[in-house]
Amino acid sequence: MTTKIIELGPHQLALEEPMYFRVQLEGDRVADLDVLPGQVHRGMEHLVMRRNLYQNITLLERLCSLCSNSHPSTFCAAVEDVAGIAIPERAEYLRAVADEIKRIASHLFCCAVQANAIGEVPLFRRIMEIREIMQRAKEAIYGNRMDLAANVIGGVRYDLTPEAASYLAQAMEQMKKPLDQLYLQFGNNPVLMARMAWVGVLPREAAVECAVVGPVARACGIDYDVRKKSPYGAYDRLDFKVALQTTGDVRARNLVRLAEARQSVSLIEQCLAQLPAGPLCADTLPEIPAGEAIAKSEAPRGELMYYLRTDGSDFPVRLKWRVPSYMNWDALKLMLKGEPVANIPLIVNSIDPCIACTDR
């Protein structure tokens, strides 16, 4: 059997970010894989130590676009832990609303990209049309379609007026039927099943060994969601079930994402129904003492962790974060082994890699 090595970049992989692979082939099948990161390294961990804690909220929101709210909210949680700041209850709910809006938009974008990767252009357009409901909601409520600027240390910087809450509730109502239809389409459409079922399989045992997180893990039957296992903010008062599949293939990853998007609609509705009156931010902020803390959240791609160490000044001594794509892309070797070359773009996009978060 002929063995050869090829290199694939973002154009061949249908990625919007620069990610490169060195792929060893046996015939037309993948035998081995090396991920070649480092193409968008910006020295972010150095830059955050040259800015004070308040300036870093703005910088961290620009780590990436799709999960941009998760970075500043998790960072703020770490600072609040060090300083012993309790944020108002209304702010907890508003943070959850912002996170869930971003989760719906992120999951739909990932499903749309995969539809495009297999040539299902009408489905790609349909998903992006549905996603546009969320983009308009973001623009109307936060004034921006990507970076929400929703978080500050001690609370949030935005509020939902009764008119805004009513508008958001209407948007959630518009999302329900299309999301239910998409779930059925990805689950039962023969064309999609032929391209996605039993493709890029990651067995549960291998998923545990690779310590994958987020929808990639839950598609393998791993019942782990930070919002359930370590509830933060308002999530201990919200009712939802962890979306699970067991086959560990591309189809299962998409079904988990679509189920989670539907759950996010319910979570936002619960937040709107339970939203208490009160301040948006702690009245006074104490001096940030010397200390260290770890905060984590469930970002759209999975568990996001922040480590912060302070020395009593406004500048962090150390700030480090672990993003879900770092844990997930190592499992690509197992998902791709034995797969034809033509399946590589689909399988790579099925883990929803974020290169900007990971290379930083």
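This section describes salt bridges, a long helix-spanning element, one buried phenylalanine and the internal cavities of a predicted model.

Salt bridges were examined throughout the model, and the structure holds 25 of them. In one of these, the side chains of Glu80 and Arg95 meet with an N to O distance of 2.7 Å. Glu80 belongs to helix 4 (residues 70-83) and Arg95 to helix 5 (residues 89-117), so this salt bridge ties together parts that are 15 residues apart in sequence. Glu80 and Arg95 are both buried.

Helix 5 also contributes Glu92, whose side chain forms a salt bridge with that of Arg237 (2.8 Å, N to O). Because Arg237 lies in the loop between helix 11 (226-229) and helix 12 (250-274), the pair ties helix 5 to a part of the chain 145 residues apart in sequence. The two partners are assigned to separate classes of accessibility: Glu92 counts as buried, at 18% relative accessibility, whereas Arg237, with a relative accessible area of 28%, is partly exposed.

A further salt bridge joins Arg218 and Glu298, with the closest N and O atoms 3.1 Å apart. Here, too, distant parts of the chain are linked, as Arg218 is in helix 10 (residues 214-218) and Glu298 is in strand 6 (residues 290-299), 80 residues apart. Both Arg218 and Glu298 are buried. These two residues also take part in a network of salt bridges, in which they are linked with Glu100, Arg103, Asp225, Arg227 and Glu260.

Helix 12 comprises 25 residues. From its first C-alpha to its last, helix 12 reaches 36 Å, close to the 36 Å expected at 1.5 Å a residue. Of its 25 residues, 19 are buried, and helix 12 is therefore largely enclosed by the rest of the structure.

Phe21 is placed in strand 2 (residues 20-26). With a relative accessible area of 1%, Phe21 is buried. Leaving aside residues up to four places away in sequence, Phe21 touches Ile6, Glu7, Leu8, Leu13, Leu33, Asp34, Val35, Leu36, Leu332 and Val348. Phe21 and Gln245, by contrast, are separated by 28 Å in space, C-alpha to C-alpha, and by 224 residues in sequence.

Two cavities of 30 Å³ or more are present in the structure. The largest cavity contains about 60 Å³ of space. Its lining is formed by Leu15, Glu16, Phe109, Cys110, Val113, Asn349, Asp352 and Pro353. Helix 5 gives the most to this lining, with three residues. By residue class, the lining of the largest cavity divides into five nonpolar, one polar and two charged residues.

The second largest cavity holds about 40 Å³ of space. Cys67, Ser70, His71, Ala299, Arg301, Leu304, Val323, Pro324, Ser325, Cys354 and Cys357 line this second cavity. Helix 4 and helix 13 (324-328) are the elements that give two or more residues to the lining of the second largest cavity. Seven nonpolar residues, three polar residues and one charged residue make up this lining.

Notes. Residues are numbered from 1 along each chain as its sequence is written. This is a predicted model: local features need pLDDT of at least 70, side-chain atom pairs count only at pLDDT 80 or more; totals for chains, interfaces and linings use all residues. Side-chain values use heavy atoms; hydrogens and water are left out. A salt bridge is a side-chain nitrogen of Lys or Arg within 4 Å of a carboxyl oxygen of Asp or Glu. Helices (H or I, at least four residues) and strands (E, at least two) are DSSP runs, numbered from the N terminus. Buried means under 20% relative accessible area, exposed over 50%, partly exposed in between (1.4 Å probe, protein chains only). The expected span of a helix is 1.5 Å times one less than its number of residues. Contact means heavy atoms within 4.5 Å. On a 1 Å grid over the protein atoms alone, a cavity is a set of points where a 1.4 Å probe fits but cannot get out, and a pocket is an open set with protein on both sides within 12 Å along at least five of seven lines; lining residues have an atom within 4 Å of a point. Grid points are joined across faces, edges and corners, and a volume is the space filled by probe spheres set on the points. Ala, Val, Leu, Ile, Met, Phe, Trp, Tyr, Cys and Pro count as nonpolar, Asp, Glu, Lys and Arg as charged, and the others, Gly among them, as polar.
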